[in-house]
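Let's take a walk through this fold, starting with the sheet and working outwards. Have the structure open as you read.

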Amino acid sequence: MRVSKREPETMKDARDSWRGLPAAQQPDWPDRAELRVATEQLELAPPLVFAAECDLLRRRMAAVARGEAVLLQGGDCAETFARTTAESIHGKLKTLLQMAVVLTHATALPVVKVGRLAGQYAKPRSSAVERRGGIELPSYRGDAVNGAEFTAEARRPDPDRLRRMYESSAITLNLVRALTTGGFADLRQVHAWNQGFVADSRAGERYERLADAIDRSLAFMQACGVDTRELGTTEFFVSHEGLLLEYEAALTRADPGTGRSYATSGHLLWMGERTRDLDGAHVEYFSRVANPIAVKIGPTASPDSVMALLDRLDPDREPGRLTFVVRAGAERIRDVLPTLVQKVEAEGALVCWVSDPMHGNTITAASGHKTRRFDTILDEVRGFVEVHRELGSHPGGIHVELTGDDVTECIGGGNTVLPEHLHQRYETACDPRLNHTQSLDLAFLLAEMYRELPGRSAGSDARPAHLPSA
């Protein structure tokens, strides 16, 4: 059903309209007075992002929904305060820039780059408690809530961590903005991005050949008198799961020009499988903010529930407003996705369809490590693209957990990580991530899938006119 347009002034209660509704996955804060002190400080803090930036991303996401762009979203499963370092941020950004170049070159489409950065400090958990050797403590819910160490002191939810989350996010954003506007993201640096990472791998060698082709294209443009100064910067947005409602509410701001409320903690927020209850607090909060938003959709989601989410979260059917991130698992994606896409398209809604091939494919290795197989991740992405090709719809992009480091957390990939390698550099705070080489492998393989879509030719990766969008 079509919901009538909501007037901007009714958005003003975004901070509080969710209170009193069931709020899943919220910490059991032991001291509400401490929580109030922390949130009052955040209410007075400057916004991390601005309404105009969120509106720009919404326009870019509208292009994805129309099939005129591709979304690349990636970063840590869970950021940690200890790893909010220049080296770590630099590595993730470099990985995403390389992947974006590969996809832009192959698809001749702009790539919308969104990091799981500057806010991904909280995680939902399947159990509120963890038991070890007869001892029961609260589960680790991310650095925004408590510590990973298995002690009563570390596991106590601490509201002061919300302030540290804000400060760490600000540090990350400051560096990302400096790097993306200060020359590091210059497309003429495509060779430099590869140094110290995968130059000796097959993906690295393939990337170097692509970089050579880009260099030749840029030289041709310069010889023709084309002004290439715009290539010195790139658009980059940040996102996280909008899990901790007290934090999100404290950073909600009304735009003076429109009266619309924005979550100024990040450009794009998403809800997970555990928090998308139609009658819950998260759906209510998300319905009140004007940011582009996303919802994770698992294999058990019914078409009716997806349509109900569409009506609640995108009543005006605004392209770019809503993204459905499908995490069905490699075995289910080809069965689950077609009905959902057909149902939404029959309604005339223009949403972004994005693949999360990570969360539905987690296994436990014999060593006890949580891991994912690269081939299984790839198979879910392939199934996602195949379904859209058969339906004539647009596979909007991917949402993956990755790092710029050479960790050993996922099995397989070009420089193969074997099960017996998992212990060597298993560094994630929660779920296993693709390392730099595996991420670049995935980008090349996804690029090949896009080339095979109708309307894409084998030579479409050589059109220099789209290079600035990388």
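What follows goes from the barrel to one of its strands, then to the helices and the nonpolar cores.

Keep in mind that this is a predicted model. At its heart, so to speak, is a closed barrel of 8 strands, in the order β1-β2-β5-β8-β9-β10-β11-β14, with parallel pairing. On average, neighbouring strands in this sheet are turned by 25 degrees against each other, ignoring direction.

Zoom in on the pair β1 and β2. Strand β1 covers residues 70-75 and strand β2 residues 111-116; the two run parallel and are joined by 6 bridges. If you want to trace the register, Gln73 has Val114 of β2 as its bridge partner, and Gly75 stands opposite Arg116 in β2.

Now, how enclosed is β2? Of its 6 residues, 6 are buried, so the strand is largely enclosed by the rest of the structure. In a regular strand, side chains alternate between the two faces of the sheet. Both faces of β2 are covered: one side has Val111, Lys113 and Gly115, the other has Val112, Val114 and Arg116, and all of them are buried. Note that Arg116, the residue opposite Gly75, is among those buried ones.

Helix α2 is part of the picture here too. Spanning residues 51-65, it lies across β1, β2, β5 (237-241), β8 (268-271), β10 (322-326) and β11 (352-355), and it runs at about 125 degrees to β2.

Next, look at a pair of helices. Two packed helices are described by the angle between their axes and the distance between the axes. For α3 (residues 86-107) and α6 (residues 202-223), the angle is about 65 degrees and the axes are 11 Å apart. The crossing of α3 past α6 is left-handed. On the α3 side, Gln98, Val101, Val102 and His105 meet Tyr207, Leu210, Ala213 and Ile214 of α6. Sorted by class, this contact has 6 nonpolar residues, 2 polar ones and no charged ones.

That brings us to the nonpolar cores. The largest has 113 residues, and Tyr247, Leu313, Phe324, Val344 and Trp353 have the most contacts inside it. Helix α3 turns up again: it supplies the largest share of this core, 10 residues. Take Phe324 as a way in: beyond its neighbours within four places in sequence, its contacts are Val295, Ile297, Val306, Leu309, Leu310, Val344, Val351, Cys352, Trp353 and Val354. Apart from this core lies another, of 16 residues, including Leu57, Val112, Phe237 and Val325. You've already met Val112, as one of the buried residues of β2.

Note on methods
Residues are numbered from 1 along each chain as its sequence is written. This is a predicted model: local features need pLDDT of at least 70, side-chain atom pairs count only at pLDDT 80 or more; totals for chains, interfaces and linings use all residues. Side-chain values use heavy atoms; hydrogens and water are left out. Two strands pair if DSSP finds at least two bridges between them. Helices (H or I, at least four residues) and strands (E, at least two) are DSSP runs, numbered from the N terminus. Axes are lines fitted to C-alpha atoms, for helices over the stretch in contact, and angles run from 0 to 180 degrees between N-to-C directions. Contact means heavy atoms within 4.5 Å. A crossing is left-handed if the near helix is turned anticlockwise from the far one by less than a right angle, and right-handed if clockwise. Ala, Val, Leu, Ile, Met, Phe, Trp, Tyr, Cys and Pro count as nonpolar, Asp, Glu, Lys and Arg as charged, and the others, Gly among them, as polar. A nonpolar core is a set of buried Ala, Val, Leu, Ile, Met, Phe, Trp, Tyr and Cys residues joined through side-chain atoms within 4.5 Å. Buried means under 20% relative accessible area, exposed over 50%, partly exposed in between (1.4 Å probe, protein chains only).
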